[in-house]
Each structure stands twice: as structure tokens, then as C-alpha cells.
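Visitor: I work with structures computationally, and I'd like a friendly tour of this one. Could you show it to me first?

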Amino acid sequence: MRETDPSAVTDRLTEVFDLVGPLYRRAQRKVEQDAPIEGLSVGVRAVLNMLREHGPMTVPQMGRAQALSRQFVQRMTNDAAGLGLVEFVANPAHKRSSLIRLTEEGERAIDAVIDRERAVLRQIGGDLSEAEIDACLRVLSRLLHLLDDIDMD
């Protein structure tokens, strides 16, 4: 493995950050444009997806997992509950912090959103190798880990 100039690596990582912002904002806009089909905001979509991936969670758990403030997650959870997409259930591990879980309607809504998003991602084409995607995930994970100590509340 060849040694790389640390300054060059820093410059390249800056390029990654410069791409991640617009990518995130465009993906967010795409969700907002498609969300009226299910009546979901980007924030509600994030809550539903967390529950889809991890099962019932508390608001603080979702906030930590997504680097979002508890207040924001609570508002999005309340919005989702108002739409009948999630429900609050007793948490045997904690009396004051309810577990949030998807309702059947919530499962249908987030499944439809994910199916639509995957259809868009299939348009990228086959010119990306598994190794390139693995490398991308590794770099983004390292950058995320670098910022683990940021307080989101």
C-alpha cells in the first residue's frame, strides 16, 4: 500500500464533504416531492425508517441514532402518530420513555416510500463496483465517526 500525502487526503475529504451537502439536500427535496403520495415529511420518513430498520425505539434512541435533537424527533413522532403511522406503547425498561412502534399503516407507508426510492437508485446503472460502494461507505462512516462527539441537543 502506498503512502499518501496527508494534505492530499485532507483535500480529497474536503471534496467528499462538498458533495455530501448537495446530495443530502437534493435527496431531501426528492422525498418532499414524492412524500405527498403517503403524506410524509422528510422527518416523519426518517422516524418511520428507523422503526422499520430497528423495531420499536424510544425518542431519545432515535435522536442519538440519527444525530437529531430529541425535540425534533418528538415532533416528527407526534406528526406520525397524528397520521396513524406509529403508536406509543409501554416501555418495560423505562416508565417515562415510551416505545414508539410502526402501525400496519405506517409499515405500508414506509415500504411504499422505500420501494420508490430503490426504483430511483436502480437508475444509477451498473458501472459502480461493489468495491467502489464499499470504499464509499467506509469513507463516509469514518467521517461520521469523526463527528461522533457533536451534541445534537
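Visitor: What is the relative accessible area of Asp-111?
Guide: Happy to start there. On this scale, buried means under 20% relative accessible area, exposed means over 50%, and partly exposed is in between, using a 1.4 Å probe and protein chains only. The model is predicted, so local features need pLDDT of at least 70 and side-chain atom pairs pLDDT 80 or more, while totals for chains, interfaces and linings use all residues. Asp-111 falls in the partly exposed class, with a value of 33%.

Visitor: Which residue forms a salt bridge with Asp-111?
Guide: A salt bridge needs a side-chain nitrogen of Lys or Arg within 4 Å of a carboxyl oxygen of Asp or Glu. Here the closest N and O atoms are 2.9 Å apart, and the partner of Asp-111 is Arg-52.

Visitor: How many residues apart in sequence are the parts that Arg-52 and Asp-111 tie together?
Guide: Residues are numbered from 1 along each chain as its sequence is written, and side-chain values use heavy atoms, without hydrogens or water. Arg-52 is partly exposed at 34% relative accessibility. After the 2.9 Å contact between Arg-52 and Asp-111, we can place both ends. Arg-52 sits in helix α2 and Asp-111 in helix α5, so the separation of the parts they tie together is 59 residues.

Visitor: What does helix α2 span from its first C-alpha to its last?
Guide: Helices are DSSP runs of H or I with at least four residues, strands are runs of E with at least two, and both are numbered from the N terminus. Helix α2 covers residues 42-54, which makes 13 residues. The expected span is 1.5 Å times one less than the number of residues. For α2 this expectation is 18 Å, and the span in the model is close to it, at 18 Å.

Visitor: Which residue with a positive phi follows α2?
Guide: Before leaving the helix, note that its buried residues include Val-44, Arg-45, Val-47 and Leu-51. Just after α2 there is a phi near 80°, and it belongs to Gly-55.

Visitor: Where does Ala-67 lie, given its positive phi?
Guide: Most residues other than glycine have a negative phi. Ala-67 is not a glycine, yet its phi is positive, at about 55°. Ala-67 is partly exposed, with a relative accessible area of 35%. Its place is the loop between α3 (59-66) and α4 (70-82).

Visitor: Is Thr-77 buried or exposed?
Guide: Thr-77 belongs to helix α4. Contact means heavy atoms within 4.5 Å, and with residues up to four places away in sequence left out, Thr-77 touches Val-47, Val-59, Met-62, Val-86, Phe-88 and Ile-100. With a relative accessible area of 0%, Thr-77 is buried.

Visitor: How far apart in space are Thr-77 and Leu-144, C-alpha to C-alpha?
Guide: Along the sequence, Thr-77 and Leu-144 are 67 residues apart. In space, their C-alpha separation is 24 Å.

Visitor: What is the relative accessibility of Asn-91?
Guide: Asn-91 is in the loop between β1 (86-89) and β2 (99-102). Apart from neighbours within four places in sequence, Asn-91 is in contact with Thr-58, Ser-97, Ser-98 and Leu-99. Asn-91 counts as buried, at 14%.

Visitor: How many residues apart in helix α1 are Arg-12 and Glu-15?
Guide: Their side chains meet in a salt bridge at 3.1 Å, N to O. Arg-12 is exposed at 54% relative accessible area, whereas Glu-15 is partly exposed at 41%. They are separated by about one helical turn in α1 (residues 6-34), because their spacing is three residues.

Visitor: Which residues are joined into one network by salt bridges that share partners?
Guide: A search of the whole structure finds six salt bridges. One of them pairs Arg-108 with Glu-105 at 2.8 Å, N to O, about one helical turn apart in α5. Arg-108 is partly exposed at 49%, and Glu-105 is partly exposed at 39%. The network made through shared partners consists of Arg-52, Glu-53 and Asp-111.
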